[in-house]
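Grab your viewer and work through a few short exercises. Try each one before reading on to its solution.

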Amino acid sequence: MDLKIREDAYKMAIEKWGAKAQLEMAQEEATELALAVRKHIRKNDEESFSNLVEEIADVEIMIEQIVMMHSDFGFRQMVDAQKAFKISRLLKRMNDNSFEALEKEK
Ligand SMILES: [Mg+2]
């Protein structure tokens with residue numbers, strides 16, 4: 001879906017229900033995703049797969065709203081910086097020279 005349509009929808013939701021309610025919804029959706037992952041591990045079938053897809057979509061929608069709510073503070077850039085740091089650390093922990101290999105590809 002087009003970014004502008006998503007952003008307009010998020011803005012309307014935040015204005016309608018308020019930032020606190022949307023943060024609480026993000027908390028609920030994160031919990032639902034955790035349970036969907038648990039179920040998918042326990043019973044990997046079509047239903048658990050479909051539920052996993054749905055809950056990932058829900059969480060991504062709420063994450064996008066949280067980012068939008070804090071956009072004045074450079075939130076997206078801060079999250080991106082954290083992701084870069086954590087992915088670099090992950091690659092280093094795997095101790096297989098992947099990080100160096102990826103850096104050389106740039
Ligand atoms: Mg959900």
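Below are four exercises on this predicted model, each with a worked solution.

**Exercise 1.** Find which residues coordinate the magnesium ion, and work out how they are spaced in sequence.

*Solution.* Start at the ion and list its donors: E29, E32 and E55 each offer an OE atom, while D58 offers an OD atom, at 2.0 to 2.2 Å. Next, read them along the chain, and you get the pattern E-x2-E-x22-E-x2-D. Now place two of them: E32 is in helix α2 (residues 19-42) and D58 in helix α3 (residues 46-69). This pair is 26 residues apart and links distant parts of the chain.

**Exercise 2.** Is E32 buried, partly exposed or exposed?

*Solution.* Take its relative accessible area, 33%. Buried needs under 20% and exposed needs over 50%, so E32 counts as partly exposed.

**Exercise 3.** Pick out the largest nonpolar core and say which helix gives the largest share of it.

*Solution.* The core has 5 residues, namely I14, A26, M62, I66 and M69. Sort them by helix, and α3 comes out with the largest share, 3 residues. Then zoom in on M69: leaving aside residues up to four places away in sequence, M69 touches I14, A19, Q22 and L23.

**Exercise 4.** Check the span of helix α4 against the expected value, then see what follows the helix.

*Solution.* Helix α4 covers residues 75-94, which is 20 residues. From first C-alpha to last, α4 reaches 29 Å, close to the 28 Å expected at 1.5 Å a residue. Step just past α4 and you hit N95, with a positive phi of about 50°.

Terms used: Residues numbered from 1 in each chain as written. Predicted model: local features only at pLDDT ≥ 70, side-chain atom pairs only at ≥ 80, totals over all residues. Heavy atoms only, no water. Donors = N, O, S within 2.8 Å, 3.2 Å for Na, K, Ca; no water. Helix = DSSP H or I, 4+ residues; strand = E, 2+ residues; numbered from the N terminus. Buried < 20%, exposed > 50% of the residue type's maximum accessible area, 1.4 Å probe, protein only. Core = buried A, V, L, I, M, F, W, Y, C linked by side-chain atoms within 4.5 Å. Contact = heavy atoms within 4.5 Å. Expected span 1.5 Å × (residues − 1).
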